[in-house]
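The exercises below ask you to describe a protein–protein contact and then the surroundings of two DNA strands, working from the chains to the elements and finally to the residue classes. Please look at the sequence and the structure before reading the solutions.

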Number of protein chains: 4
Amino acid sequence: MDDKKRMITLSAIDVFQQKGIEKATVSDIVKGAGIAQGTFYLYFPSKLSVMPAIAEVMIEKTIKTFHQKMNVNSPFIEQLEKLVEIVFDYTNTYRDIYALIYVGMGTNRQLHEWERIYDPYYNLVGDILEKAQENNEIRQQLQPKHTAALLIGLIESAAEQTYFYDMQDDRIAQQKKIEVLDFAEHALLVRNELR
Amino acid sequence: MDDKKRMITLSAIDVFQQKGIEKATVSDIVKGAGIAQGTFYLYFPSKLSVMPAIAEVMIEKTIKTFHQKMNVNSPFIEQLEKLVEIVFDYTNTYRDIYALIYVGMGTNRQLHEWERIYDPYYNLVGDILEKAQENNEIRQQLQPKHTAALLIGLIESAAEQTYFYDMQDDRIAQQKKIEVLDFAEHALLVRNELR
Amino acid sequence: MDDKKRMITLSAIDVFQQKGIEKATVSDIVKGAGIAQGTFYLYFPSKLSVMPAIAEVMIEKTIKTFHQKMNVNSPFIEQLEKLVEIVFDYTNTYRDIYALIYVGMGTNRQLHEWERIYDPYYNLVGDILEKAQENNEIRQQLQPKHTAALLIGLIESAAEQTYFYDMQDDRIAQQKKIEVLDFAEHALLVRNELR
Amino acid sequence: MDDKKRMITLSAIDVFQQKGIEKATVSDIVKGAGIAQGTFYLYFPSKLSVMPAIAEVMIEKTIKTFHQKMNVNSPFIEQLEKLVEIVFDYTNTYRDIYALIYVGMGTNRQLHEWERIYDPYYNLVGDILEKAQENNEIRQQLQPKHTAALLIGLIESAAEQTYFYDMQDDRIAQQKKIEVLDFAEHALLVRNELR
DNA sequence: AATGAATGAGTATTCATTCAT
DNA sequence: TATGAATGAATACTCATTCAT
């Protein structure tokens with residue numbers, strides 16, 4: 001991505017997190033990026049059109065985190081646990097941003113781009129599932145990439161629900177993680193020899 | 001709910017659906033409700049504070065649909081199918097509204113109210129799961145209400161993913177429904193006679 | 001004055017002092033008076049029409065203070081000192097109210113009423129001057145009532161100027177009082193024995 | 001002063017005079033200044049914050065008038081007469097504006113700025129008094145600048161009192177001028193040869 | 001490419017006033 | 001007389017976008 005475009009996008013993420021969805025302005029964004037008001041429009045045709053770029057950066061970050069934290073050679077069950085950890089983590093941190101992207105792209109009729117943007121993420125998790133299939137750790141009938149989408153959706157929604165409760169209470173989050181892990185394991189029939 | 005408050009809420013739902021999230025104005029809402037501009041503020045302190053009321057109405061609608069379409073005496077597997085149908089249906093119809101509620105309540109620091117509002121919904125599905133447990137149709141270890149939340153989250157996110165794609169293509173939706181159903185059945189160990 | 005009309009007026013004074021000129025509303029006033037919104041309009045045709053009533057009450061208060069603090073038999077010079085004290089005191093306390101009355105009556109084309117309202121005040125001070133003339137304490141050529149108006153204006157404006165400075169600093173106020181007293185004494189030729 | 005800021009200020013004075021205190025709108029002001037609505041807010045943070053700028057322009061005008069009409073070499077008594085003329089004149093013409101400035105700055109907690117703004121005015125009159133002292137035309141004990149403030153306050157309040165009455169009646173104004181002049185002369189001990 | 005002053009359409013919110021009870 | 005829910009006109013202020021430099 002063009003360097004200045006990236007600066008704008010990163011600043012936008014910052015601003016949205018600090019000011020919240022309603023109060024963020026282009027003026028704030030350009031200030032954060034250290035450029036002039038007009039320069040913004042050299043890189044993005046409108047305010048909402050930053051959204052896909054933001055989404056891309058977010059996914060990029062997520063994938064980077066994956067590669068850092070995930071040991072692809074560890075048993076699938078451990079990778080699944082890690083997945084839950086990671087998804088809960090970024091959902092909590094970036095909840096507002098995700099809502100924003102969702103609304104912003106929806107308004108802009110760009111929602112279909114979401115598919116393209118999430119694609120590498122689904123592929124990443126899909127690959128893990130595929131390898132788990134080869135190792136006979138999960139059911140053979142599962143279509144890896146489709147299942148990846150369901151799995152990510154499940155965990156993300158569980159993470160979001162955690163924040164309907166008091167965010168401070170970490171025990172609720174831990175409990176939720178255990179439950180979603182159990183749910184997912186059965187869905188995928190992980191370690192079915194254990195039952 | 002107070003009659004006039006309800007009128008405002010219903011009109012707000014309409015306006016948000018028609019005009020989209022960004023373009024809806026209080027002026028439109030009061031016009032739809034047949035009241036004066038100022039009257040709005042007798043019932044709601046601000047534009048965004050209608051959100052919880054909208055959420056309540058939406059959940060109310062959903063629950064009503066449930067009672068209409070769901071045969072509580074049919075086998076659990078059929079009820080699950082119905083659940084998927086219903087969730088996909090309202091997600092498709094009210095996708096924008098849900099996004100709006102989410103953002104609106106988040107912005108307003110009212111997200112915790114979501115818990116209270118979703119509660120009857122989780123209870124409804126929780127009851128179904130509990131009965132299924134009694135009939136030995138699903139795993140006994142599952143905590144019904146918690147599982148209900150996960151299940152609803154799973155199906156909703158699957159539905160959302162579907163409608164990020166071309167909404168017209170019904171085959172994709174059908175395919176997604178089958179996948180999520182399969183995923184959920186295994187998670188709950190519904191067809192345990194097969195194993 | 002009608003009891004309820006008085007209640008409204010007193011509440012209005014309170015509200016204006018607490019909320020300031022811009023923020024005071026009829027709603028606040030009726031709340032303070034313990035009556036309903038509509039009742040206000042049974043006693044006053046409009047919001048601004050309370051102003052003369054407020055002015056009247058203010059003058060009434062001032063005159064009452066005079067009768068309490070002023071010894072009409074003491075030498076004129078002492079009465080003048082007292083006058084300065086009193087005027088500084090009420091100017092400081094009710095500066096906002098006076099500004100409000102001024103603007104409110106000006107807007108309403110009721111400014112001529114000011115004459116009628118201030119009249120008893122001018123008479124009061126005029127009487128003091130007249131008696132001082134009889135006692136040969138001030139110049140004989142002075143027209144008592146006209147001079148009263150000038151004198152009051154002089155002291156009020158001096159008091160107002162005090163508040164252009166830091167209001168906390170009492171020494172400035174004391175200094176100003178001494179200066180205005182000296183100014184007035186010479187204007188009236190009070191200490192004629194000095195010449 | 002920045003050219004555009006000055007345009008806005010001048011237009012604001014116009015609008016306040018024509019429309020009166022309550023009815024003046026920012027929209028009117030910008031129309032008069034020939035600029036866009038938003039431009040106003042590049043120069044002033046709010047509607048009321050124009051007040052100090054208005055006050056500055058008013059004082060500027062007054063001082064200019066002084067330099068035109070006042071012969072600094074004429075006897076003090078004539079300069080005092082001129083001072084009364086000028087103060088009565090601008091008080092009559094700009095009565096509304098002064099009330100507005102007073103209220104506006106009071107509301108805005110900017111009243112202390114008044115000191116800075118009036119300062120050159122007090123200095124101007126203070127200089128006249130100082131010179132009169134050198135010429136032994138007034139009492140030596142007087143502190144020139146402080147006395148200037150009292151004197152201006154006296155004359156302004158006298159002028160204001162005049163214009164609360166029927167403004168058309170010029171005889172009342174003339175009478176008041178004579179009285180205030182007499183009052184001031186004695187206060188300053190002008191014409192001390194007469195005593 | 002970059003700037004940032006200027007634009008002006010757009011809207012939530014307020015509050016004096018009314019009127020059916 | 002008294003009420004207070006309902007009214008709706010009126011307006012300050014915001015901010016995405018433009019364009020001359």
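Two exercises on this predicted model follow, each with its solution.

**Exercise 1.** Work out how many residues chain A and chain B bring to their contact, and which helix gives the largest share of the side of chain B.

*Solution.* Begin with the totals: chain A contributes 31 residues to the contact, and chain B contributes 30 residues. Next, assign the side of chain B to its elements, where at least two residues each come from helix H1 (3-23), helix H5 (76-107), helix H6 (111-134), helix H7 (144-164) and helix H8 (170-188) of chain B. Among these, H7(B) provides the largest share, with ten residues. Finally, sort the side of chain B that touches chain A by class, which gives 16 nonpolar, nine polar and five charged residues.

**Exercise 2.** Determine which residues come nearest to DNA strand E and which are closest to DNA strand F, and then find the elements and classes that make up each surface.

*Solution.* Take DNA strand E to start with: 32 residues lie around it, and the nearest are Val26(C) together with Gly38(A), Gly38(B), Gly38(C) and Gly38(D). Two or more residues of this surface come from each of H3 of chain A, helix H2 (26-33) and H3 of chain B, helix H2 (26-33) and H3 of chain C, and H3 of chain D. The surface near DNA strand E comprises ten nonpolar, 16 polar and six charged residues.

Turn now to DNA strand F, which is surrounded by 32 residues, the closest being Val26(A), Gly38(A), Gly38(B), Gly38(C) and Gly38(D). Here at least two residues each are supplied by helix H2 (26-33) and helix H3 (37-43) of chain A, helix H3 (37-43) of chain B, helix H3 (37-43) of chain C, and helix H2 (26-33) and helix H3 (37-43) of chain D. Sorted by class, the surface near DNA strand F holds ten nonpolar, 16 polar and six charged residues.

Methods:
Residues numbered from 1 in each chain as written. Chains lettered and ligands numbered in written order. Predicted model: local features only at pLDDT ≥ 70, side-chain atom pairs only at ≥ 80, totals over all residues. Contact = placed C-beta atoms within 7 Å. Helix = DSSP H or I, 4+ residues; strand = E, 2+ residues; numbered from the N terminus. Nonpolar A, V, L, I, M, F, W, Y, C, P; charged D, E, K, R; others polar. Near = placed C-beta within 6 Å.
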